[in-house]
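Work through the exercises below with the sequence and the structure open. Try each task before reading its solution.

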Amino acid sequence: METTTIPVKGMTCMGCVSSVKRVLGNIGGVSQAEVSLEKAQATVTYDSGKTSLQAIKAAITDAGYDVA
Ligand SMILES: [Cu+2]
């Protein structure tokens, strides 16, 4: 398992936080996802054998947010 923190731009309310959390939770291999509106970041714990940082970032982008 790996844990990484990804800066997420474009979240403006708790609805955005919920959306990002849901998207992250739907990725196979992601075991835990914490999203902070205040810090504008997502902390994701994932199995690097099942998914990748690139795939996680792509999912966030697809949801309509920007990753740094
Ligand atoms: Cu929002």
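**Exercise 1: one residue and its surroundings**

Task: list what Ile6 touches, then place Ile6 and grade its exposure.

Solution. Leaving out residues up to four places away in sequence, Ile6 touches Gln41, Ala42, Val44, Ile56, Lys57, Ile60 and Val67. Two residues are in contact if their C-beta atoms, placed from the backbone, lie within 7 Å. Next, the location: Ile6 sits in strand E1. Helices (H or I, at least four residues) and strands (E, at least two) are DSSP runs, numbered from the N terminus. Then the exposure: Ile6 is partly exposed, because 18 other C-beta atoms lie within 10 Å. The scale is buried at 20 or more other C-beta atoms within 10 Å of the residue's own, exposed at 12 or fewer, and partly exposed in between, with C-beta atoms placed from the backbone.

This is a predicted model: local features need pLDDT of at least 70, side-chain atom pairs count only at pLDDT 80 or more, and totals for chains, interfaces and linings use all residues. Residues are numbered from 1 along each chain as its sequence is written.

**Exercise 2: a second residue in E1**

Task: is Thr3 buried or exposed?

Solution. Thr3 belongs to E1, which covers residues 2-9. Thr3 is exposed, because it has 11 other C-beta atoms within 10 Å. Its contacts, not counting residues up to four places away in sequence, are Thr43, Val44 and Thr45. Thr45 in E3 is also the bridge partner of Thr3.

**Exercise 3: the sheet**

Task: what is the strand order of the sheet?

Solution. Start with E1. Six bridges pair it with E3 (residues 41-46) in the antiparallel sense. Two bridges join E1 to E4 (residues 66-67), also antiparallel; here Lys9 has Asp66 as its partner. Now add E2, joined to E3 by six antiparallel bridges. Strands count as paired if DSSP finds at least two bridges between them. The result is an open sheet of four strands, E2-E3-E1-E4. E2 and E4 are the edge strands, each pairing on one side only.

**Exercise 4: the core**

Task: which elements each supply at least two residues of the largest nonpolar core?

Solution. A nonpolar core is a set of buried Ala, Val, Leu, Ile, Met, Phe, Trp, Tyr and Cys residues joined through C-beta atoms within 7 Å. The largest one has 12 residues, among them Val8, Leu24, Ala33, Val44 and Ile56. Helix H1 (14-25), E2 (30-36), E3 and helix H2 (53-62) each supply at least two. Leu24 shows the links: its contacts include Ala33, Val44 and Ile56.
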